[in-house]
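Here are my notes for you, written as a short walk through the model. Keep the structure open beside you and look up each part as you read.

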Amino acid sequence: MAAPRILISAGEPSGDLHGAGVARALRKLWPDAQLYGFGGTLMQQEGVVLHAHVDDLAVMGFAEVARHLPFFLRLLRDTRRELDASPPDLVIPIDYPGFNMRLARMAKERGIPVLYYIAPQVWAWHSSRVKQLAETSDRLAVILPFERQLFEDAGTRAVFVGHPLLDQREAPLGREALLGQLELDPAKPVLALFPGSRAQEVRRHLALFEAAAERVRDARPDVQPVIAQSDAVPAALYEAATFPRTGDNQALLEHAAAALVKSGTTTLQAAVSGTPMVIAYRMHPLSYTIARRVVEVEHVGLVNLVAGERLAPEFIQDEATPGALADALLPLLDEGPARTRMLAGLERVRASLKPPPGAGDAAAQVAGLARELIQRR
């Protein structure tokens with residue numbers, strides 16, 4: 001068959017990372033495939049022609065999205081025109097529900113196959129959105145083990161492909177090398193601070209996380225806090241930080257005794273690395289008020305949702321104070337019941353994220369599903 005034309009849509013840094021893996025896997029099947037859509041630098045490096053960049057797309061929260069609404073409406077209008085004028089052979093939305101669920105519906109209405117990768121957490125908001133996503137997707141490639149049955153019950157074929165965090169993990173920089181770069185003592189414990197991968201998250205969390213780390217150091221002067229710096233966030237937002245920073249987030253998690261993380265994918269990254277954690281999240285007050293009324297899950301942290309229990313402590317909005325975060329972190333820094341219990345739970349989470357034996361990595365499975373849908377068409 002002729003090389004296909006495929007639209008890939010990712011609207012945030014994690015989606016860009018996973019979209020790049022899918023683009024690479026698609027090119028193994030079709031070296032001359034035309035890949036275009038929405039994403040970031042990593043997807044661009046894999047040959048995806050971008051019509052919009054994640055720097056403009058990565059907005060989270062009801063109030064925050066409202067301020068950017070004219071931009072998103074224009075983007076949807078332009079995308080609709082593009083689908084009419086030159087329909088692709090396949091659309092692959094990646095997470096990012098506010099935009100991508102609308103994109104999926106537009107594609108479905110035009111008879112374009114839709115392979116949704118990394119299903120949005122619509123089950124957290126309302127069960128009706130599970131059905132909506134199922135109706136607008138020909139296939140769902142899900143990465144959380146409990147999602148497959150949810151979406152199959154809603155009427156679409158869902159395939160659990162394992163979590164891409166487990167795929168092709170490179171050996172991290174060694175402890176002495178990492179801490180040497182930061183001019184820290186490899187013999188002393190490290191506390192990793194992950195304030196977020198969006199500018200708005202760093203604005204809300206960085207000072208809070210540093211204040212919590214200072215409280216930890218008051219009790220444990222030997223602890224060395226290190227900030228995970230995201231390439232997707234303007235460097236100027238970190239200029240006021242007092243602790244060392246690194247962009248090698250995997251190495252930081254691997255060598256940290258414990259971590260303070262914002263809720264989201266980072267909680268699963270910490271689980272994969274076997275790093276005990278405390279979860280915190282602050283958002284715009286209006287967004288929080290709305291979220292409290294519509295969220296239907298018991299936990300905010302993904303690691304807790306996968307575990308099915310409050311494995312890692314969660315502190316949301318006003319509960320996230322420096323003192324509360326420090327008090328939750330201190331028992332995780334040394335061997336003891338709290339650390340032992342969490343490490344055992346993180347290992348269970350890691351095991352549950354693995355793909356079925358012999359299935360291949362997540363990106364390769366998504367590419368295989370793409371081939372199936374394109375050939376069937």
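Which residues of α12 are buried? They are T266, T267, L268, A270, A271, V272 and S273, where buried means under 20% relative accessible area, exposed over 50% and partly exposed in between, with a 1.4 Å probe and protein chains only.

1. Before going on, a word on the source. This is a predicted model, in which local features need pLDDT of at least 70 and side-chain atom pairs count only at pLDDT 80 or more, while totals for chains, interfaces and linings use all residues. Residues are numbered from 1 along each chain as its sequence is written, and side-chain values use heavy atoms, with hydrogens and water left out.

2. Back to helix α12, which spans residues 265–273 and is mostly covered, with 7 of its 9 residues buried. Helices (H or I, at least four residues) and strands (E, at least two) are DSSP runs numbered from the N terminus. The buried residues of α12 pack against β8 (190–194), α11 (249–255), β11 (258–262), β12 (277–281), α14 (302–307) and α16; contact here means heavy atoms within 4.5 Å. After α12 comes G274, with a positive phi near 70°.

3. Now find H163, in the loop between β7 (158–160) and α9 (175–181). Because its relative accessibility is 3%, H163 counts as buried. Leaving out residues up to four places away in sequence, H163 touches L268, as well as I143, L144 and L353. You met L268 above, as one of the buried residues of α12.

4. For a contrast, try T340 in helix α16 (residues 337–352). T340 has a relative accessible area of 46%, so it is partly exposed. Its C-alpha atom is 44 Å from that of A104, and the two residues are 236 apart along the chain.

5. Next come two helix pairs. Two packed helices are described by the angle between their axes and the distance between the axes. Helix α1 (residues 13–29) packs on helix α17 (residues 362–376) at about 55°, with the axes 8 Å apart. Axes are lines fitted to C-alpha atoms, for helices over the stretch in contact, and angles run from 0 to 180 degrees between N-to-C directions. The pair is therefore oblique, as angles under 35 degrees count as roughly parallel, over 145 as roughly antiparallel, 65 to 115 as roughly perpendicular and the rest as oblique. On the α1 side, G21, V22, A25, L26 and L29 meet A363, A364, V366, A367, G368, A370 and R371 of α17. By class, this contact has 9 nonpolar, 2 polar and 1 charged residues; Ala, Val, Leu, Ile, Met, Phe, Trp, Tyr, Cys and Pro count as nonpolar, Asp, Glu, Lys and Arg as charged, and the others, Gly among them, as polar.

6. Helix α10 (residues 199–219) and helix α15 (residues 322–329) also pack at about 55°, their axes 8 Å apart. That makes α10 oblique to α15. The contact joins L208, A211, A212, R215 and V216 of α10 to P322, G323, L325, A326 and L329 of α15.

7. Finally, look inside. A nonpolar core is a set of buried Ala, Val, Leu, Ile, Met, Phe, Trp, Tyr and Cys residues joined through side-chain atoms within 4.5 Å. The largest has 94 residues, and L26, I92, Y117 and V303 have the most contacts inside it. Helix α17 gives the largest share of this core, 8 residues.
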